[in-house]
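Visitor: Before we discuss any labels, could you show me the sequence and the structure, so that each term can be set against its cut-off?

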Amino acid sequence: MQDNYVGDIGDYGKYGLLRNVTAAGLRLAVNWYRVVPTRPGKQEDGKYTSYLDKPEVYRQYDPELFDCLAGMVHQQKRNIEEVENSGLFAAYFFSDALTLANRAKWHQEALRSTAGADVVFLDPDNGLESARMHQHRSAKEKHTTWQEIKDYYDRGQSVILYQHRPQMTKKEVCIQGVLDFQDAFLHADHTLLLEYPRYTNRYYFMFAHQNHIPALECVHRTVAQTWKGLCNAIDICRP
């Protein structure tokens, strides 16, 4: 996550999902996987904010959230702290910046800061490291590692992971890569998947513990229904 993403159309869907998680009675923690751009102002990330100029189309999904994000964008208050202080959803927040040099210490601090939650949302720019990255321990700041997710899950927390589809990667390949991690390494009790296809494919994988399955299935179902047109429920077939 980067400050310049705040308020774009991907953010709108993301916070809509998180608001449904807390509405379901689950205690939420957010690890932003914050990245400080090395070339601020020289990239186009977070540019998809034109939806805010079409309230007749987009405001219906979550009017309160839409109005809040419109205010942030129009007042040029696009930063993580503004989201945390907005009151849009209650959560334990961890917003320390991740660098390769401090990753081990950063991860331990993140675990401590999110310990009180039922569900931890992880928001890396690109999503999960690939199997090759895992093998060679070469994940960058914009990825979460296999072990980092497992550390949250193994202490009893369900995990929601943001996954971005790389431009040259097919949708099916992107999804299967995360499912291979689940089947070979994480072994979560249940996996749910939401897709937000507007402009670019964004996926949210929910790795649920048994005791959280009813609530997260309700979230999954409700979001797919109330955000229809911006969000699709993906059926994960199991043998």
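Guide: What follows is a conversation about how the terms used for this predicted model are justified.

Visitor: Why is H209 called buried?

Guide: Buried means under 20% relative accessible area, and H209 has 14% relative accessibility, so H209 counts as buried. H209 lies in the loop between β8 (202-208) and α9 (213-226), and, not counting residues up to four places away in sequence, H209 touches Y153, G156, Q157, S158 and D189.

Visitor: What makes D123 and K14 a salt bridge?

Guide: The cut-off is a side-chain nitrogen of Lys or Arg within 4 Å of a carboxyl oxygen of Asp or Glu, and the closest N and O atoms of D123 and K14 are 2.7 Å apart, which satisfies that condition. The pair links distant parts of the chain, with D123 in the loop between β3 (119-122) and β4 (127-128) and K14 in helix α1 (residues 9-23), 109 residues apart. D123 counts as buried because its relative accessibility is 3%, and K14 is buried with a relative accessible area of 5%.

Visitor: Why can one say that D62 and R19 tie together parts of the chain?

Guide: D62 forms a salt bridge with R19, the closest N and O atoms being 2.7 Å apart. D62 lies in the loop between α2 (55-58) and α3 (63-74) and R19 in helix α1, so the pair ties together parts that are 43 residues apart in sequence. With a relative accessible area of 11%, D62 is buried, and R19 is buried at 16%, both values being under the 20% limit.

Visitor: How do you know whether E195 and K171, which meet in a salt bridge, are buried or partly exposed?

Guide: The side chains of E195 and K171 meet at 3.4 Å, N to O. E195 lies in strand β7 (residues 190-196) and K171 in helix α8 (residues 171-186), so the pair ties together parts that are 24 residues apart in sequence. Buried means under 20%, exposed over 50%, and partly exposed in between; E195, at 4% relative accessibility, therefore counts as buried, whereas K171, at 30%, counts as partly exposed.

Visitor: Turning to the rings, what makes the aromatic pair of Y15 and F89 tilted?

Guide: Planes under 30 degrees apart count as stacked, over 60 as edge-to-face and the rest as tilted, and the planes of Y15 and F89 stand at 40 degrees, with 5.7 Å centre to centre, so the pair is tilted. Y15 is in helix α1 and F89 in the loop between α4 (80-84) and β2 (92-94), 74 residues apart, and Y15 is buried, as is F89.

Visitor: Why, then, is the pair of W32 and F93 called stacked?

Guide: The ring centres of W32 and F93 are 6.0 Å apart and their planes are at 0 degrees, so the pair is stacked. W32 is in the loop between β1 (28-31) and α2, and F93 is in strand β2, 61 residues apart. W32 counts as buried at 0% relative accessibility, while F93, with a relative accessible area of 22%, is partly exposed.

Visitor: What makes K150 lie over the face of F185?

Guide: The distance part of the criterion asks for NZ of Lys within 6 Å of the ring centre, and K150 lies over the face of F185 at 5.7 Å from that centre.

Terms used
Residues numbered from 1 in each chain as written. Predicted model: local features only at pLDDT ≥ 70, side-chain atom pairs only at ≥ 80, totals over all residues. Heavy atoms only, no water. Helix = DSSP H or I, 4+ residues; strand = E, 2+ residues; numbered from the N terminus. Buried < 20%, exposed > 50% of the residue type's maximum accessible area, 1.4 Å probe, protein only. Contact = heavy atoms within 4.5 Å. Phe/Tyr/Trp six-rings, centres within 6.5 Å; stacked < 30°, edge-to-face > 60°. Lys NZ or Arg CZ within 6 Å of the ring centre and 35° of its normal.
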